[in-house]
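User: I would like to learn how to read a few features of a protein model, starting with cysteines. Please give the general idea and then the case here.

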Amino acid sequence: MGLDLDFAIRHSGRPAAAMTRRDVARVLLAVPSGHALVALPDLRRQLLAAGNPLSVRFWESAKAVLMSIESGVATVGDVQRWLESSGTEPIMLTRSYFLWPEESERGPVATEMYERLVEFLEERLAAGEIDPDALAAGDPGARHAYEELQERWLGTPLPDGRVPNVVVNDEQDQELYAAWDEEEAFALGELRRVLDDLPEPPFPEADLRSAARRLRVTLTRPGYPGNVLRACAGLEDGDLPERDEDLWLTVAAGIAAPISDLPDEEDAARFFDMEGELSHEDSILASLCAIHHADWLASVIALVRYGPGVLASPERIARFIADSEDVDIDPDEPEDLEATEMLFTAVTPLWAHLGIVDRAEVLTPLGWWGLPKALERAWSSGPALPE
């Protein structure tokens, strides 16, 4: 792959005299670092001849980062920060935690806003408000000013009233919701397909009545597990379903698809405290929300196939998932199994409070009957996507 001025012009879409540092930096990063290092002197001379010399600081920084890449010591963050030091590259992650999607994952809105910000930065650079040499030198003041400039633009309404950071996040949310709904619909279809080939477990009426009676007491008590089960099921208003079956299935479904967070704002804020630790309840909710549809599907199908009496410990469930022939999962690394096991350590104690498993973490007749119904309810009702 040859890197010369013609390649740079085609890649950047600009004539040589109009190319910015960002254009040249992206050209250099578009080819293997070894090729870029070899071509660097000629490209510099060609741009100089075209009346666009850029600066000594830029070329020195380009050589340094390319050598760092070639030697294998550069991190993704190092390269991104160098690209940002061009003075017209948007900061990937701002101090307010706004994150631009990767280029290949940007929707139409994100693409438009990204291009608008590049144009804005080019205008500010031409006006002398951005010092790219100081950015390349790692000057803290220049970096701070550069970040502030972008933060203000991201939060300022455009002439049409749209606020860039809001509309980009909204677009990402919509894409996430769509992907989530698609995954959930597929998992629900697979669950129903497998259940159609399995015998219907008998209805354990006495066990359900006893479990629902205990559950009604648990849900009225403060603290764990009542607060977590209420949040999972969306029962924070205090009104409980009258029918035992509805109550039990609502709560069991909530464990697989939590509907809300804990109501305590101080606890919820812990999710965003980068230096603090999550409370016990928040950790449980975070684990429940991190379990994939495929993991729920594989584990519940395995338990239903084996029936009452099968061990349903977190370790055993992780192995069921790894060995599943119904779901395309391949956690062949020990750390994958350990991660799955850790997530399900949040599940089995809650299952025990519903009588799905007993104290020895063995599946009960109630769990055999109710788990597939609860999972089907969770994926049919379309609960809100956990935040």
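Analyst: A disulfide is counted when two cysteine sulfur atoms lie within 2.5 Å of each other. A disulfide is a covalent bond between the sulfur atoms of two cysteines. The model here is predicted, and a search of the whole structure finds 0 disulfides.

User: How far is the sulfur of Cys-232 from the nearest cysteine sulfur?

Analyst: The distance is 7.5 Å, and the partner in question is Cys-289. At 7.5 Å the two sulfurs are too far apart for a bond.

User: Is Cys-232 buried or exposed?

Analyst: Cys-232 is buried, at 0% relative accessible area. Cys-289 has a value of 27% and is partly exposed.

User: Next, empty space. How many cavities of 30 Å³ or more does the search find?

Analyst: Rolling a probe the size of a water molecule over the atoms shows where empty space is left. In this structure the search returns 3 cavities of 30 Å³ or more. The largest has a volume of about 70 Å³. Its lining has 12 residues, and those closest to the centre are Trp-180, Ala-256, Ala-257, Ile-291 and Trp-296.

User: Which helices each supply at least two residues of that lining, and what is the make-up by class?

Analyst: Helices α14 (280-290) and α15 (293-306) each give at least two residues to the lining of the largest cavity. By class, that lining holds 10 nonpolar residues, 2 polar and no charged.

User: What is the volume of the second largest cavity, and which residues line it?

Analyst: The second largest cavity has a volume of about 50 Å³. Its lining consists of Ala-252, Ile-255, Ala-256, Trp-296, Val-300, Trp-351, Leu-371, Ala-374 and Leu-375. Two or more of the lining residues come from each of α12 (244-256), α15 and α19 (365-380). The class count for the second largest cavity is 9 nonpolar, no polar and no charged. Ala-256 and Trp-296 are among the residues closest to the centre of the largest cavity, and both also line the second largest.

User: Trp-296 and Trp-351 both line that second cavity. Which residues have the most contacts inside the largest nonpolar core?

Analyst: The largest nonpolar core has 59 residues, and those with the most contacts inside it are Trp-248, Trp-296 and Trp-351. Leaving out residues up to four places away in sequence, Trp-351 touches Ile-255, Trp-296, Leu-303, Ile-317, Ile-356, Val-357 and Leu-371. A second, separate core has 24 residues, including Leu-3, Met-19, Leu-43 and Trp-59.

User: Now the open spaces. How much space lies in the largest pocket, and which residues are nearest its centre?

Analyst: The largest pocket holds about 410 Å³ of space. It is lined by 17 residues, with Gln-80, Leu-83, Glu-89, Met-92 and Glu-102 nearest the centre. Helix α2 (21-29) and helix α5 (76-84) each supply at least two of the lining residues, and α5 gives the largest share, 7 residues. By class, the pocket lining has 6 nonpolar, 3 polar and 8 charged residues.

User: Last, the backbone. Where is there a cis peptide bond?

Analyst: Most residues other than glycine have a negative phi, and most peptide bonds are trans. Here a cis peptide bond joins Tyr-224 and Pro-225, with omega about 5°. Pro-225 sits in the loop between α10 and α11 (226-233). Among the residues that touch Pro-225 is Thr-218, which lies in helix α10 (residues 205-220). Thr-218 is buried, with a relative accessible area of 15%. Thr-218 also touches Gly-226, Leu-229 and Arg-230, again not counting residues up to four places away in sequence.

User: What is the phi of Tyr-97, and what is that of Glu-361?

Analyst: Tyr-97 has a positive phi near 70°, while Glu-361 has a positive phi of about 65°. Neither residue is a glycine. Tyr-97 is placed in the loop between α5 and α6 (108-126), and it counts as exposed at 59% relative accessibility. Glu-361 is in the loop between α18 (348-354) and α19. With 26% relative accessibility, Glu-361 counts as partly exposed.

Definitions and conventions. Residues numbered from 1 in each chain as written. Predicted model: local features only at pLDDT ≥ 70, side-chain atom pairs only at ≥ 80, totals over all residues. Heavy atoms only, no water. 1 Å grid on protein atoms, 1.4 Å probe; cavity = no way out; pocket = protein on both sides within 12 Å on 5 of 7 lines; lining within 4 Å. Points joined across faces, edges and corners; volume = space filled by probe spheres on them. Helix = DSSP H or I, 4+ residues; strand = E, 2+ residues; numbered from the N terminus. Nonpolar A, V, L, I, M, F, W, Y, C, P; charged D, E, K, R; others polar. Core = buried A, V, L, I, M, F, W, Y, C linked by side-chain atoms within 4.5 Å. Buried < 20%, exposed > 50% of the residue type's maximum accessible area, 1.4 Å probe, protein only. Contact = heavy atoms within 4.5 Å.
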